[in-house]
Amino acid sequence: MLHDNLNINSDSHLAIGGVDSVELAREYGTPLYVLDEDVIRERCRTYVAEIKKHFGEDSKPLFASKALCFKGIYPIIESEGLCVDAVSPGEIYTALAAGFPAEKIFFHGTNKTDSDIEYGVKNGVGYFIIDNFNELESLNRIAGEQGVIQKALLRLTCGLDPHTLEAINTGRVDSQFGVPIDTGQADEFVKAAMECANIRIEGFHSHAGSQIFESDSFNLQAEILVSYAAKARDEFGLEINTLNIGGGFGVRYTEKDPAPEIGARIEEIATHLKAACEKNGVSINRVFMEPGRSIVAEAGTTLYETGGVKEVRGYRNYVTVDGGMTDNPRFALYGAEYTVVNASRASEPADYECTVAGRCCESGDRIAEWVKIAKPERGDIIAVLSTGAYNYSMSSNYNRIPKPAIVMVSGGKTRLAVKRQSFEDMMRNEL
Ligand SMILES: Cc1ncc(COP(=O)(O)O)c(C=O)c1O
């Protein structure tokens, strides 16, 4: 099995954290998001320990809310000692509603409106990560009006291409995120920020991209940010001690993806960062990282019920399931690959090649193409692995399909964390 928490039980069913997935589907209905809380906690602990060990006591991971945002995730994140990054007032609202401390929230976002900024300042978020000149100006004004000196980091782009999927690549020069170093605009950004009496700039932020397996882009990014910190100090008199190097560690969606080596990669980044600090005479005593996917993706499995098996002679076989692009739009968005298992027949040979299609009236509604699973029959439970990130948070009600429930598994026990949407829920705001 792709992940250690998955195995095949004596009924030949897929078990998640020791719990029979077919029983789960029966009890809670399908489609169903299943999250293994023990896996999430273990990932959080690894990040907290490795970041402290290699970057120092004050350094921390932030959980990127965008990967998975619902009330129940925040107590887990807080109890494991992480901060969070949020990209909208909606994510901040959810974190606060769950009792997450405002001062541990880092407010991201490429277009924060004035009312977003007011919301963040009024609620006391710890840091703004300022994306652009307009935001800088508005934040300075609004913080002044509220009598606050707002702590912030400046978001810079380092001009790296981590050879990841084009659609989720945010670190290059030509990007709508942050201000580029290469074009000289970061210099103007720093100078403008230093003029802002109501903002305290403590450091720089940069995010290289997502689903990155090689270390080079992170190492280079650390070096570029440190040498830019030296430039900002020498040329503009800005002293910073904090870097936030974003998210992006890759996860295993299929057997082709390597198993993540979080500790080794953090150590490597730290080695490059320390060498760059020495070379440039810069002191960075706090490093933040923003893993999202790598904390929750592998903990998630989506369960569907098979509706039909359609064999288009001479072309391909379609297995249709009772969910699809509404609960997992990642194939439709950027052809993301997944591992699919017939959870009802997990010990039978996976020799039936098929395309797993969803229930929407949309030819792009697919979960996976040309995958091999044990041949299903109508009613079999199909499991799609590594769906903990960017599935629930990207879900929609297209075709008026209600969003699935989320069930947490921990220590062999289950609990409902998010109720399945009803038809009434979908119509709630319609007058
Ligand atoms: C600024 C920032 N931080 C963190 C992340 C999380 O990335 P990942 O989930 O790939 O770790 C993203 C994702 O796009 C991002 O844009």
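Helix axes are lines fitted to C-alpha atoms over the stretch in contact, and the angle between two of them runs from 0 to 180 degrees between N-to-C directions. Two packed helices are described by that angle together with the distance between the axes. The model looked at here is a predicted one, and the helix pairs are a handy place to start.

Take helix α5, residues 114-122, and helix α6, residues 133-145: their axes come within 10 Å and cross at roughly 45°. That makes α5 oblique to α6, since angles under 35 degrees count as roughly parallel and 65 to 115 as roughly perpendicular. As for handedness, α5 and α6 make a right-handed crossing. On the α5 side, the contact is built from D114, I117, E118 and V121, while α6 brings in S138, L139, I142 and A143. Sorted by class, this contact of α5 with α6 has five nonpolar residues, one polar and two charged.

Next up is helix α8, which covers residues 216-236 and has a partner in helix α9, residues 262-280. Here the axes come within 8 Å and the crossing angle is roughly 25°. The two helices, α8 and α9, are therefore roughly parallel to each other. Their crossing is right-handed. From α8, the residues making the contact are F218, N219, A222, E223, V226, S227 and A230. They meet E268, I269, H272, L273, A276, C277 and N280 of α9. By class, the contact of α8 with α9 comes out as eight nonpolar, four polar and two charged residues.

Helix α8 also packs against helix α7, residues 185-194, with axes that come within 11 Å and cross at roughly 55°. So α7 and α8 are oblique to each other. The crossing of α7 and α8 is again a right-handed one. In this pair, A186, V190, K191 and M194 of α7 meet Y228, A232 and F236 of α8. The class count for the contact of α7 with α8 reads six nonpolar, no polar and one charged.

Zooming out to the whole chain, the domain assignment gives two pieces: domain 1 takes in 6-36 + 297-427, and domain 2 takes in 108-291. Their C-alpha centres lie 36 Å apart. Where the domains touch, nine residues come from domain 1 and seven residues from domain 2. The side of domain 1 that touches domain 2 has five nonpolar, two polar and two charged residues.

Then there is the ligand, with 17 residues surrounding it. The closest of these are S210, G247, E290, G292 and R293. Split up by class, the shell around the ligand holds five nonpolar, nine polar and three charged residues.

Two spots in the backbone also deserve a quick look. One is the peptide bond joining T30 and P31, which is cis, with omega at about -10°. P31 sits in the loop between α1 (21-28) and β4 (32-36). The other spot is W370, which has a positive phi of about 55° although W370 is not a glycine. W370 belongs to strand β18, residues 366-373.

Terms used
Residues numbered from 1 in each chain as written. Predicted model: local features only at pLDDT ≥ 70, side-chain atom pairs only at ≥ 80, totals over all residues. Near = placed C-beta within 6 Å. Nonpolar A, V, L, I, M, F, W, Y, C, P; charged D, E, K, R; others polar. Domains from an automatic or database assignment. Contact = placed C-beta atoms within 7 Å. Helix = DSSP H or I, 4+ residues; strand = E, 2+ residues; numbered from the N terminus. Parallel < 35°, antiparallel > 145°, perpendicular 65-115°, else oblique. Left-handed = near helix turned anticlockwise from the far one by under 90°.
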